Amino acid sequence: MNADVLKTGPKELENPGVVLLLAQTPNAGKVTYLTEELKALGKLDSYTVIPISFAKNEQKSAWFEQLNANGRMPALLDNRPTKGPIRVFESVSILLYLAKTYDTDGAFWFKDDDDLQTELVSWCAFTHGGVGPMQGQCNFFYRYSPEKIPLAIKRYQDETKRLYGVLEAHLAGKHDGQEKEWLVGGKYSIADMNAQPWVRMAVWAGVELDEFPRLSAWVDRIEQRPATQEALKIPEQDKLSQMKADPEAADRMAKAASKWIMQGQDKKEDK
Ligand SMILES: N[C@@H](CCC(=O)N[C@@H](CS)C(=O)NCC(=O)O)C(=O)O
């Protein structure tokens, strides 16, 4: 990290402890689900949130790219008292870092069981590499693209449903004969936090959850946790709640997102 470039960003980047840079999206939700759970257990006293504006393209500024060269949020900076600052990028690696550093007795991971922790990492990788990227493409072709391409919409919605089917079968115990409430080891863990923020937003991708009853129940179970409800307000109220409160909100939010996404797309095509 180049400290001089970082200094050109918001002054809150110098706050002690955990600093999160995020906007209200599923990838950010993964992280705030955990920080709010850790706060509730007294494992993380407080932390700083720096809201990132996509409309202003803040995630592509030089100071932000010190924290994530990929120019995407979420990103984490931890201004540690003795070891100095460390940056962490990619939502799943932020979850693993926070768990190891602040959840030291393993409330949300498997500190004393390497096999279960390996299983947890497998499910985290499955969601991070599959559900997020496929559903993200659904969002683009179904919600944001001004040109509606049926084959692209179908391709990504089908793949998202296929991946939901894998989660549904796992919860049903299709392969091991064990019905489950949680993805790994019989407890709520970062494997669940890493997946639920995407699955709860199925409707935004144009995908119905009706054919996945166990997955729907799992979404609701996580949704009802007080820490989840707090997380869904960071840095502003989540899309789904806004849509429930105001049926026109979906259209408004899709148009606003489409504008900055398509501007970014045009810039890429100019190069
Ligand atoms: N694999 C990354 C994906 C991050 C990502 O795609 N973030 C999006 C929002 S969900 C973003 O920052 N988009 C801004 C842009 O594309 O410029 C992660 O999980 O952290």
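**Close-ups of a two-domain protein**

Pro 235 sits in the loop between α10 (226-231) and α11 (239-245); helices here are DSSP runs of H or I with at least four residues, strands are E runs of at least two, and both are numbered from the N terminus. This is a predicted model, where local features need pLDDT of at least 70 and side-chain atom pairs count only at pLDDT 80 or more, while totals for chains, interfaces and linings use all residues. Residues are numbered from 1 along each chain as its sequence is written, and side-chain values use heavy atoms, with hydrogens and water left out.

**View A. Cis peptide bonds at Pro 235 and Pro 74.** The bond from Ile 234 to Pro 235 is cis, with omega near -5°. Met 73 and Pro 74 are also joined by a cis peptide bond, with omega about 5°. You'll find Pro 74 in the loop between α3 (62-65) and β3 (75-80).

**View B. A positive phi at Asn 57.** Asn 57 isn't a glycine, yet its phi is positive, near 60°. Look for Asn 57 in the loop between β2 (48-51) and α3.

**View C. Around the ligand.** There are 13 residues around the ligand (a heavy atom within 4 Å of it). Gln 59, Lys 60, Met 73, Glu 90 and Ser 91 come nearest. The side chain of Lys 60 has an N or O atom 2.4 Å from a ligand oxygen, and a polar side-chain atom of Gln 59 lies 2.8 Å from an oxygen of the ligand. Met 73 uses its backbone instead: a polar atom there is 2.9 Å from a ligand nitrogen.

**View D. Where domain 1 (3-102) touches domain 2 (114-231).** These bounds come from an automatic or database domain assignment. The C-alpha centres of the two domains lie 24 Å apart. The contact (heavy atoms within 4.5 Å) takes 16 residues from domain 1 and 21 from domain 2. Together the domains bury about 1,500 Å², 69% of it on carbon and sulfur atoms; buried area is the accessible area (1.4 Å probe) lost on putting two parts together, summed over both. Pro 26, Tyr 33 and Glu 37 supply 42% of the area that domain 1 buries against domain 2, more than any other three residues.

**View E. The salt bridge between the domains.** How many salt bridges link domain 1 and domain 2? Just one is counted (a Lys or Arg side-chain nitrogen within 4 Å of an Asp or Glu carboxyl oxygen). The side chains of Glu 37 and Arg 225 meet in a salt bridge at 2.7 Å, N to O.

Notes: Polar contact = N/O pair within 3.5 Å; in protein donor to acceptor, adjacent residues only side chain to side chain.
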